[in-house]
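Please walk through this structure with the sequence at hand, moving from charged contacts to rings, and then to loops and surface.

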Amino acid sequence: MASTETTTPSTTGKPDDAPTGPATAPDAEAPAGPAADSPAEAAAGATAEGDTTAAAAGTAVSTGAPATAAGESRPAAGDLAGLEAGLDALDSTVVSRQPWLRTLLSKAFPPLIAIAIVLGLWQLAYHFQLKPHYLLPSPLDVFRSLQQKWLEGTLLSFVWTSVSRGALGFLASVAIGTVLGLIVARVKPVRAAIGPILSGLQSLPSVAWVPAAIIWFGLSDATIYAVVLLGAVPSIANGLVSGVDQISPLYLRAGRTVGATGLAGVRHVLLPAALPGYLAGLKQGWAFSWRSLMAAELIVNAPDLGTGLGQLLEQGRELQDMSWVLGAILLILIVGIGIELLIFAPIERRVLRSRGLLVKS
């Protein structure tokens, strides 16, 4: 059976043997022949090609595919928006405020449990007489001893004497240790000469300075403050040196570029950048100053010096009153922990959170 071939004319009116491929603009030099399209057909063909291009562009945008123009690929607007949203989600932190009762329980419950365990073990040791009762009194006996001092009106005066001495000695240590730490951190010859000495002084027990301070200053407040300074200054200076060593050189160059040199550079660039290490040195300096103060008060005992917690502890030893001794030890421990929790811990959390090193959850 003979097949019939039907030739469909091109929509653009071009002959059948015209090459197929992408539509290109006709050359200017191409001669116009009798097979050229009519003006109406050419306009219709251009309109069809424009509609096809617009449809393709709309499809690329709707599917998020990169649109090409002049041979260059550019990201779609949807991709950029998604990328920015993802980066913002990485930087943002969702903070949910917990009820105050739950926060109080999470903060206070574990330490209370630990204290209860210690008191329980202490009471068991008293009950089974691991030591005679006059050598190991019960927690209730120690509480009664402190209650007696409270009723006499002398307990707060003992605490205030030691706290005021410790605060004054610590402030003086901060002033001296900060200047010394900056000099050691920024002047290389001074660091080579004094750096090892500061590390050695930090490891030296504070009580070792008490005999020398008594010979130098006698039984006076100057002896106590000298021991506190010698115990706290090396720790503060070493903490500041460690903080300065951790500063990126880019910060220092940026500060010099904007004109922050000399004291202005120290105030606005160096100290803020070294604040985490400096704060750690301050915490350690307070611990050393408090320990040095107790060591000095234990040995330097005179009527005109007043009675601090160290002198109270020494009086209990002289009277062989273990309830008195253990009560003084508990007061020293409570004051040290209280200063840490009420002053240094909030400052440290604020500094770390402002630098992104501590995130609320």
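Is R191 buried, partly exposed or exposed? R191 has a relative accessible area of 30%, and it therefore counts as partly exposed, in a model that is predicted. The side chain of R191 meets that of D245 in a salt bridge, with N and O 2.5 Å apart. This pair links distant parts of the chain, since R191 belongs to helix α6 and D245 to helix α8 (residues 221-245), 54 residues apart. D245 is likewise partly exposed, because its relative accessible area is 42%.

The structure has seven salt bridges in total, and a second one can be followed between K283 and E348, whose closest N and O atoms are 2.9 Å apart. Because K283 lies in helix α11 and E348 in helix α13, this salt bridge ties together parts of the chain that are 65 residues apart in sequence. With a relative accessible area of 22%, K283 is partly exposed, and E348, at 27% relative accessibility, is placed in the class of partly exposed residues as well. Salt bridges that share partners also join R165, D221 and E297 into one network.

A contact of another kind of spacing is found in helix α4, where the side chains of R144 and D141 form a salt bridge at 3.9 Å, N to O. R144 and D141 are three residues apart in that helix, so about one helical turn separates them. R144 is partly exposed, with a relative accessible area of 48%, and D141 is also partly exposed, at 24% relative accessibility.

From the charged pairs we can turn to the aromatic rings, of which the structure holds four pairs. In one of them, F170 and W286 stand edge-to-face, with 5.8 Å from centre to centre and 85 degrees between the planes. This pair, too, links distant parts of the chain, for F170 sits in helix α5 (residues 155-186) and W286 in helix α11 (residues 275-299), 116 residues apart. Both F170 and W286 are buried. F170 also forms an edge-to-face pair with F344, at 6.0 Å centre to centre and with 85 degrees between the planes. Since F344 is in helix α13 (residues 322-354) and F170 in helix α5, the pair ties together parts that are 174 residues apart in sequence.

Why do F170 and F344 count as buried? F170 has a relative accessibility of 11% and F344 a relative accessible area of 7%, and both values are under the 20% that sets the limit for buried residues. Taken together, the ring pairs link F170, W286, W290 and F344 into a cluster.

Charged side chains meet rings as well. K149 lies over the face of W324, at 3.3 Å from the ring centre, and R291 lies over the face of F288, at 4.9 Å from the ring centre. R291 also leads to a loop, because P205 and R291, although 86 residues apart in sequence, are 9.5 Å apart in space, C-alpha to C-alpha. P205 itself is found in the loop between α6 (188-203) and α7 (210-217), and with a relative accessible area of 48% it is partly exposed.

Two further loop residues deserve a look for their backbone angles. Q129, in the loop between α3 and α4 (139-152), has a phi near 55 degrees, a positive value in a residue other than glycine. Q129 counts as exposed, at 51% relative accessibility. Q320 lies in the loop between α12 (309-318) and α13, where its phi is also positive and near 55 degrees, and its relative accessible area of 64% makes Q320 exposed.

The last stop is the surface. L101, L105, F109, I113, I117, L121, L124, F128 and L130 form a nonpolar patch there, with about 940 Å² of accessible area together. One of these residues, F109, is in helix α3 (residues 100-127) and counts as partly exposed, at 48% relative accessibility. An unreviewed UniProt entry lists several spans as "transmembrane region", among them residues 108-128 and 224-245. In the model, residues 108-128 are 95% helix and 0% strand, with end C-alpha atoms 30 Å apart, while residues 224-245 are 100% helix and 0% strand, with end C-alpha atoms 33 Å apart.

Conventions:
Residues are numbered from 1 along each chain as its sequence is written. This is a predicted model: local features need pLDDT of at least 70, side-chain atom pairs count only at pLDDT 80 or more; totals for chains, interfaces and linings use all residues. Side-chain values use heavy atoms; hydrogens and water are left out. Patches are made of residues with over 30% relative accessible area and no salt bridge: like charges are joined within 9 Å, nonpolar side chains (Val, Leu, Ile, Met, Phe, Trp, Tyr) within 5 Å. Accessible areas come from the Shrake-Rupley method with a 1.4 Å probe; for residues, only the protein chains shown count as cover. A salt bridge is a side-chain nitrogen of Lys or Arg within 4 Å of a carboxyl oxygen of Asp or Glu. Helices (H or I, at least four residues) and strands (E, at least two) are DSSP runs, numbered from the N terminus. Buried means under 20% relative accessible area, exposed over 50%, partly exposed in between (1.4 Å probe, protein chains only). UniProt positions are given in the numbering used here, feature names are shortened, and annotations may be inferred rather than shown by experiment. Rings of Phe, Tyr and Trp (its six-membered ring) pair if their centres lie within 6.5 Å; planes under 30 degrees apart count as stacked, over 60 as edge-to-face and the rest as tilted. A charge sits over a ring if NZ of Lys or CZ of Arg is within 6 Å of the ring centre and within 35 degrees of the ring normal.
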